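Me: I am new to reading protein structures, and I would like to take a close look at one small part of this one. Could you start there and then lead me outwards to whatever surrounds it?

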Amino acid sequence: MSNFPACPKCQSEYTYEDGDNYVCPECAHEWPQQAAETAGEAARVYRDAVGAILQDGDTVTVIKDLKPKGSGGVIKQGTKVKNIRLVDSDHDIDCKIDGFGAMSLKSEFVRKV
């Protein structure tokens, strides 16, 4: 069995080397070898407004009033949000807020409790 990394697009294990790239025969995705080698080392670190490191399942507090788009209400400063989930998108945190439901927040507007 080869020791090539799995395809980052379709997770196929049948990748092969072609010059300076890895190639997936199932989805035809190509990616550079150097990026695959450094991707494991560069795990993203999520920090709150004061610099504390956030992890999945943490409880955070909103540090300023937030007016969600498309909603008539306001999330007040000091609102506790339990059991957050970190995601890699423009808003770093997915969570459920009582009275508002599922929501995405930016980590710069929360503080770890």
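Does alanine 28 count as buried or exposed, and what is its relative accessibility?

Reply: Happy to! Please keep in mind that this is a predicted model. Alanine 28 counts as exposed, because its relative accessibility is 60%, and the cut-off for that word is over 50%. You will find alanine 28 in the loop between E2 and E3. Its backbone has a feature to look for as well: phi is positive, about 65°, although the residue is not a glycine.

Now widen the view to the strands around that loop. E1, E2 and E3 make an open sheet, lined up in the order E1-E2-E3 with antiparallel pairing. Strand E1, residues 16-18, and strand E3, residues 30-32, are the edges; each has a single partner strand, so one side of each has no neighbour in the sheet. From one strand to the next, the twist averages 35°. E1 and strand E2, which covers residues 21-23, run antiparallel and are joined by three bridges. To see this pairing up close, find tyrosine 16, which stands opposite valine 23 in E2.

Another residue makes a good companion to alanine 28. Glutamine 11 sits in the segment before E1 and has a phi near 65°, again a positive value in a residue that is not glycine. Glutamine 11 is also exposed, because its relative accessible area is 55% and the cut-off is over 50%.

Next, let's turn to the cysteines. Searching the whole structure turns up zero disulfides. Cysteine 7 takes part in none, and the nearest cysteine sulfur to its own belongs to cysteine 27, 3.7 Å away. For cysteine 10, the closest cysteine sulfur is that of cysteine 24, at 3.6 Å, which is too far for a bond, because a disulfide needs the two sulfur atoms within 2.5 Å. Surface exposure is worth checking here too: cysteine 7 is buried, with a relative accessible area of 0%, whereas cysteine 10 is partly exposed at 33%.

Finally, move further along the chain. The UniProt record, an unreviewed entry, lists residues 47-113 as "domain: Protein YjdM C-terminal". Over that stretch the chain is 0% helix and 30% strand, with its end C-alpha atoms 13 Å apart.

The largest nonpolar core has 15 residues, and those touching the most other members are Leu54, Val81, Ile84, Ile93, Cys95, Ile97 and Leu105. Strand E4 (60-62), strand E7 (93-97) and strand E8 (101-105) are the elements that give two or more residues to this core, and E7 gives the most, with three. For a single example, pick isoleucine 93: beyond its close neighbours in sequence, its contacts include Leu54, Ile84, Leu105 and Val110.

E7 and E8 pair in the antiparallel sense over five bridges, and cysteine 95 stands opposite methionine 103 in E8. Together E7 and E8 form a hairpin with three residues between them, and glycine 99 in the turn has a positive phi of about 90°.

Terms used: Residues numbered from 1 in each chain as written. Predicted model: local features only at pLDDT ≥ 70, side-chain atom pairs only at ≥ 80, totals over all residues. Heavy atoms only, no water. Pairing = 2+ DSSP bridges. Helix = DSSP H or I, 4+ residues; strand = E, 2+ residues; numbered from the N terminus. Axes fitted to C-alpha atoms, helices over the stretch in contact; angles between N-to-C directions. UniProt positions renumbered as here; feature names shortened; annotations may be inferred. Core = buried A, V, L, I, M, F, W, Y, C linked by side-chain atoms within 4.5 Å. Buried < 20%, exposed > 50% of the residue type's maximum accessible area, 1.4 Å probe, protein only. Contact = heavy atoms within 4.5 Å. Lists of a residue's contacts leave out its neighbours within four places in sequence.
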